[in-house]
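Please look over the sequence and the three-dimensional structure shown below, and keep both at hand while reading. The report that follows goes from the chain as a whole to a few single residues.

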Amino acid sequence: MEFVMETKNINKYFHKPKEFHVLKNISFGVKKGEFTSIMGKSGSGKSTLLYILSTMDTDYTGQLYLNNDLVTGKSQRELSRIRNKNIGFVFQFHYLLSEFSVLENVMLPAKKLGEKSPAEIERNAQQKLDMLHIGHLAHQRASRISGGEKQRVAIARALINDPTILMGDEPTGNLDSQNSENVFNIFKKLKEEQGLSLLVVTHDEDFAKRTDRIVQLEDGEIIAQ
Ligand SMILES: Nc1ncnc2c1ncn2[C@@H]1O[C@H](COP(=O)(O)OP(=O)(O)OP(=O)(O)O)[C@@H](O)[C@H]1O
């Protein structure tokens, strides 16, 4: 089976304030074009897991594969490149640079990757914004747009390098129900029309129920998927 992301027996411990086994034998995969949600009570290990899956945290045992490539053990420099190229990330908070324009914010990860010309990056960024129906905001300062619009800009930014997987940590956590619905519909459309794989940590049961699959975490263990 083709997995865009797969883990084998991931275990993680925190050593302070005391020894704590936070993730226990986590093995699962996300297939191409699959929309998966991760649910679990506060403290069950969701953010810790997502941090590992997004290659930011390397302090664990077990294996992480992205596009069938073993990622575990690679250098920080390699990881930074793999992350930038393959993973789009949407957080609860948008983390836009408020003094920059919407378009500049979206362009940033592509500039960092440095594979395309500035003109091409700008075209792609405008296209992502158009796709999310916020193309008219391209030259607005990021501080001047609404919360729902900011989250859509953050999604455009996450998509700029055409990642194989989009990961979200409570991407609708700060939004009202209408904007949450918009974000869900955007994710669904990306899956259906572009075959994008999505992995989203959420507390929102209505959101999770409408995804393809729910991975349930309890005390650092997958109890159902
Ligand atoms: N840096 C750390 N050092 C020690 N313990 C930690 C650290 N980070 C998290 N923990 C503990 O690990 C457990 C899992 O935390 P994590 O943030 O992954 O949970 P979560 O499921 O994402 O919770 P929430 O839904 O509240 O965000 C919690 O008991 C937390 O207190």
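## Contacts and overall fold

If we take the contacts in the protein chain between residues at least 6 apart in sequence, 72% of them join residues at least 24 apart. The model discussed here is a predicted one, and its protein chain holds 7 helices and 10 strands. The radius of gyration of this chain is 17 Å, close to the 17 Å that the globule rule gives for 225 residues, so the chain is as compact as a globular protein of that length.

Along its principal axes, the C-alpha trace of the protein chain spans about 50 × 40 × 40 Å, and buried residues make up 41% of the 225 residues. The unreviewed UniProt entry carries the annotation "domain: ABC transporter", which covers residues 5–225. Within that span, 37% is helix and 27% is strand, while the C-alpha atoms at its two ends lie 15 Å apart.

## Confidence of the prediction

How confident is the predictor in the protein chain, on average? The average pLDDT of the protein chain is 95, and 100% of the residues score at least 70. Confidence is lowest in helix α7, residues 205–209, where the mean is 93, and highest in strand β4, residues 61–66, where it is 98. For the complex, the predictor gives an ipTM of 0.96 and a pTM of 0.92.

## The shell around the ligand

Which residues are found around the ligand? They are Phe-14, Phe-20, Val-22, Gly-40, Ser-42, Gly-43, Ser-44, Gly-45, Lys-46, Ser-47 and Thr-48. The elements that give two or more residues to this shell are β2, residues 20–31, and α1, residues 46–53. Of the elements, α1 gives the most to the shell, with 3 residues. Sorted by class, the shell has 3 nonpolar, 7 polar and 1 charged residues.

## Strand β2 and the loop before it

The loop between β1, residues 3–14, and β2 is the place of Pro-17, and a cis peptide bond, with omega at about 0 degrees, joins Lys-16 and Pro-17. Further along the chain, Asn-25 has its place in strand β2, where its phi is near 45 degrees, a positive value in a residue other than glycine. Asn-25 counts as partly exposed because it has 13 C-beta neighbours inside 10 Å, between the cut-offs of 12 or fewer for exposed and 20 or more for buried.

Val-30 also lies in strand β2. Is Val-30 buried or exposed? Val-30 is buried, because 23 other C-beta atoms lie within 10 Å. Not counting residues up to four places away in sequence, Val-30 touches Phe-3, Val-4, Met-5, Thr-36, Ile-165, Ser-197 and Leu-199. The C-alpha atoms of Val-30 and Ile-222, which are 192 residues apart along the chain, are separated by 14 Å.

## Helix α5 and the loop after it

Glu-149 lies in helix α5, and it counts as buried because it has 20 C-beta neighbours inside 10 Å. Once neighbours within four places in sequence are left aside, Glu-149 is in contact with Ile-134 and Leu-137. In sequence Glu-149 and Val-102 are 47 residues apart, and in space they are 9.8 Å apart, counted from C-alpha to C-alpha.

The loop between α5 and β7 contains Asp-162, whose phi is near 50 degrees, a positive value in a residue other than glycine. Asp-162 is partly exposed, with 13 other C-beta atoms within 10 Å. Thr-164 is found in the loop between α5, residues 147–159, and β7, residues 165–169, and Thr-164 is partly exposed, with 17 other C-beta atoms within 10 Å. Which residues is Thr-164 in contact with, leaving aside its neighbours within four places in sequence? The contacts of Thr-164 are Val-4, Asn-67, Asn-86 and Ser-197. Thr-164 and Lys-85 are 79 residues apart along the chain, and their C-alpha atoms are separated by 8.4 Å.

How values were computed
Residues numbered from 1 in each chain as written. Predicted model: local features only at pLDDT ≥ 70, side-chain atom pairs only at ≥ 80, totals over all residues. Near = placed C-beta within 6 Å. Helix = DSSP H or I, 4+ residues; strand = E, 2+ residues; numbered from the N terminus. Nonpolar A, V, L, I, M, F, W, Y, C, P; charged D, E, K, R; others polar. pLDDT = per-residue confidence, 0-100. UniProt positions renumbered as here; feature names shortened; annotations may be inferred. Rg over C-alpha atoms; globule rule 2.2 N^0.38 Å. Contact = placed C-beta atoms within 7 Å.
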